[in-house]
Amino acid sequence: GGVYMPDTEQLYLCSDYTEFHKMHEVWHHFWFKFLTQKQRDDYTKLYEKDLKNGKFYRDYGRVSAVEDFAENFAVITTKTKHNNKRLAYIRKLLK
């Protein structure tokens with residue numbers, strides 16, 4: 001597995017992790033380090049709205065807004081084919 005520790009900003013990955021999983025963990029860092037509280041709140045609102053009937057790349061994204069954000073950013077950065085409303089919000093953040 002892998003884990004990102006926001007308090008120490010350390011990232012731990014197993015060597016057998018795929019590029020998608022590596023990017024997932026990296027984007028946890030982005031969430032905690034670079035997003036404003038308003039951006040995190042805005043994304044969380046989108047996430048909660050889609051939680052019941054929205055599209056998720058993997059069910060793991062349903063765990064929390066933070067995990068969903070990391071999942072969606074990994075989708076974008078690895079050019080994985082998937083589409084949902086929250087991806088549009090993330091793409092705006094990249095501009």
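## Burial of helix H3

In H3, a helix taken as a DSSP run of H or I with at least four residues and numbered from the N terminus, the buried residues (under 20% relative accessible area with a 1.4 Å probe, protein chains only) include Ala-65, Phe-69, Phe-73 and Ile-76. This is a predicted model, in which local features need pLDDT of at least 70 and side-chain atom pairs count only at pLDDT 80 or more, while totals for chains, interfaces and linings use all residues. Residues are numbered from 1 along each chain as its sequence is written, and side-chain values use heavy atoms, with hydrogens and water left out.

Because 11 of the 13 residues of H3 are buried, the helix is largely enclosed by the rest of the structure. H3 is followed by Lys-79, whose phi is positive, near 55°.

## Aromatic pairs

Across the whole structure, a search finds 12 aromatic pairs, counted when ring centres of Phe, Tyr and Trp (its six-membered ring) lie within 6.5 Å, with planes under 30 degrees apart called stacked, over 60 edge-to-face and the rest tilted. The rings of Trp-31 and Tyr-43 have centres 6.1 Å apart and planes at 85°, so this pair is edge-to-face. Since Trp-31 belongs to helix H1 (residues 19–34) and Tyr-43 to helix H2 (residues 37–50), the pair ties together parts that are 12 residues apart in sequence. Both Trp-31 and Tyr-43 are buried.

Ring pairs also link a cluster whose members include Trp-27, Trp-31, Tyr-43, Phe-69, Phe-73 and Tyr-89.

How values were computed: Helices (H or I, at least four residues) and strands (E, at least two) are DSSP runs, numbered from the N terminus. Buried means under 20% relative accessible area, exposed over 50%, partly exposed in between (1.4 Å probe, protein chains only).
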